[in-house]
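I opened the notebook to go through this protein piece by piece. Confidence comes before packing and sheets.

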Amino acid sequence: MEGNDRGASCLGPHSGLKMQEQLFKQALAALNNSALTTVVLVTRPDKGALDEAAHSSDELRELGLVNQRLVVNAVFKRSDLNDPIAAAIEAIGQRALDQMPASLRQLSADYISLKAVDSVGLPALRGLLAPEPARPTSTATQAPSRLEHHTLSELIAELANDERGLIMVMGKGGVGKTTIAAAVALGLVQHGKSVHLSTTDPAAHLAVTLNADVKGLSVGRIDPKVETQKYVDKIVASRAPTLTEAEIALLIEDLRSPCTEEVAVFHAFSRVVSQARTSFVVLDTAPTGHSLLLMDATGAYHRQMLREFKGRASDHIVTPLMRLQDANYTKILLVTLPEATPVSQATALQDDLRRANIEPYAWVVNKSLLATATTDPLLRARLDSEQKQMTRVADQTSHAVIVVPWTAEPPVGVAALKHLLD
């Protein structure tokens, strides 16, 4: 995040355009050749994940990449017929597979069963290729006693001690950021706070997750296309009086650049950050990669302002980055799943934030089986792995780990979100 200014790396729309088009055509020809390329779409038996895979499949098909194969990972089959948790997990997965989008149904598919351990390391990866082993047994039922776990309600009560502030919910895609952001916003409203809930995620599932209007809660979205058009219209309107029609057309053409969208989204993000001066703002961020690009732009703007005001009253400058670095103004919640890869990715994100002098406030471990009373042998065997990840998370933060239990029904709608808080 401390690299060169983003603007310095943005090329004009005409730079090397013909060469780029030629290289793209060559690459696309190789990708479209089924003898050379197979696109493997990996998903889980989860409705949201399958819908995302179907969306990717359709987009690839539009580009001519039709040689696709589907891999559904972590398919669970219960062995304890009396365990309601196991029954619910199996039913949810089967229902998602039964309702698989049509674009995925036509693909050749492979199904990989849920394993007792995370598929990390050579032994575990080799295990994916081996015949199915006998069902594991485990006596793991408790998290390590040294770990201090807090609930989401306890976290919200802490946050509600302030009168205002920015709460950013960050993490990789698929860990439940939108659910956690909506629950936090709803919890703050229950504490009598005025809250604005927004998202930078292109998927924009906030409205679906809430599925209702809530008094004291406003919901918005930073839509890149909308913000870009607003920004272009503003630039054109300010310069049009001094330009000819041909010059205006050239200006509009020049503004058709990825850099324009980046600047427009940054300005929208800055406005949302500023709203937290007078009320609570809960921001559901895009998956990690998109968020880091936004943070990179925030850092570039900060450095530009310091250069421009060097030697003048720079001590009066307050940039968005300064607000993010201010622990009294911004509290960042890192959301993860109790699995090796999501925890590793959240750790890398925390390292990136710390390099920008931004310290996350707390970690939220979502969909924890440790908080349930499952008796299924496979699920209980996975608790051993989950305990290790809880220990890893606890070692990353000075705040008590926030644990959100796995629920049989997706927490969609105000009633379900309130139940998650209860």
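**Confidence**

Over which residues at the start of the numbering does pLDDT stay under 50, and how many contacts beyond four places in sequence does the model have for them? I find residues 1-15, with 30 such contacts. This is a predicted model, so I checked confidence before anything else. A second stretch under 50 covers residues 138-146. For residues 138-146 the model has 19 contacts beyond four places in sequence. Where pLDDT is low, the predicted coordinates should not be read in detail. I therefore leave the contacts of both stretches uninterpreted. For the whole protein I note a mean pLDDT of 81. Of its residues, 82% reach 70 or more.

**The eight-stranded sheet**

I traced the strand order next. Eight strands form an open sheet, with parallel pairing. I wrote the order down as S4-S11-S10-S9-S5-S8-S6-S7. Which strands stand at the edges? They are S4 (149-150) and S7 (217-219). Each has a single partner strand, so one side of each is left without a neighbour in the sheet.

I then took one pair from this sheet. S5 (residues 165-170) and S8 (residues 280-284) pair in the parallel sense over five bridges. As a landmark I marked Val169, whose bridge partner in S8 is Asp284.

I also looked for a helix against this sheet. Helix H15 (residues 377-396) lies across S4, S9 (330-336), S10 (362-368) and S11 (401-405). H15 runs at about 165 degrees to S10.

**The three-stranded sheet**

I found another open sheet, this one of three strands. The order is S1-S2-S3, and the pairing is parallel. S1 (39-43) and S3 (108-113) are the edge strands here. Each has a single partner strand, so each has one side without a neighbour in the sheet. Neighbouring strands are turned by 20 degrees against each other on average, direction ignored. S1 pairs with S2 (residues 68-75) in the parallel sense, over five bridges. I marked Val40, which stands opposite Arg69 in S2.

**Helix H9 and its partners**

I turned to helix packing. Two packed helices are described by the angle between their axes and the distance between the axes.

How do the axes of H9 (residues 224-239) and H10 (residues 245-254) cross? They come within 11 Å and cross at roughly 155 degrees. That makes H9 roughly antiparallel to H10. The crossing of H9 past H10 is right-handed. From H9 I listed Ile235, Val236 and Arg239, which meet Ile248, Leu251 and Ile252 in H10. By class, I get five nonpolar, no polar and one charged for this contact.

H9 also meets H11 (residues 258-275). The axes of H9 and H11 come within 8 Å and cross at roughly 100 degrees. H9 and H11 are therefore roughly perpendicular to each other. On the H9 side I listed Pro224, Glu227, Thr228, Tyr231 and Val232. Their partners in H11 include Thr260, Glu261, Ala264, His267 and Arg271. The contact of H9 with H11 has seven nonpolar, three polar and three charged residues.

**Helices H7 and H16**

Last I checked H7 (residues 177-190) against H16 (residues 414-421). Their axes are 9 Å apart, at an angle of about 80 degrees. That makes H7 roughly perpendicular to H16. Which residues make the contact? From H7 I noted Thr179, Ala182, Ala183, Leu186, Gly187 and Gln190. From H16 I noted Val414, Leu417, Lys418, Leu420 and Leu421. The classes come to seven nonpolar, three polar and one charged.

Definitions and conventions. Residues numbered from 1 in each chain as written. Predicted model: local features only at pLDDT ≥ 70, side-chain atom pairs only at ≥ 80, totals over all residues. Heavy atoms only, no water. pLDDT = per-residue confidence, 0-100. Contact = heavy atoms within 4.5 Å. Axes fitted to C-alpha atoms, helices over the stretch in contact; angles between N-to-C directions. Helix = DSSP H or I, 4+ residues; strand = E, 2+ residues; numbered from the N terminus. Parallel < 35°, antiparallel > 145°, perpendicular 65-115°, else oblique. Left-handed = near helix turned anticlockwise from the far one by under 90°. Nonpolar A, V, L, I, M, F, W, Y, C, P; charged D, E, K, R; others polar. Pairing = 2+ DSSP bridges.
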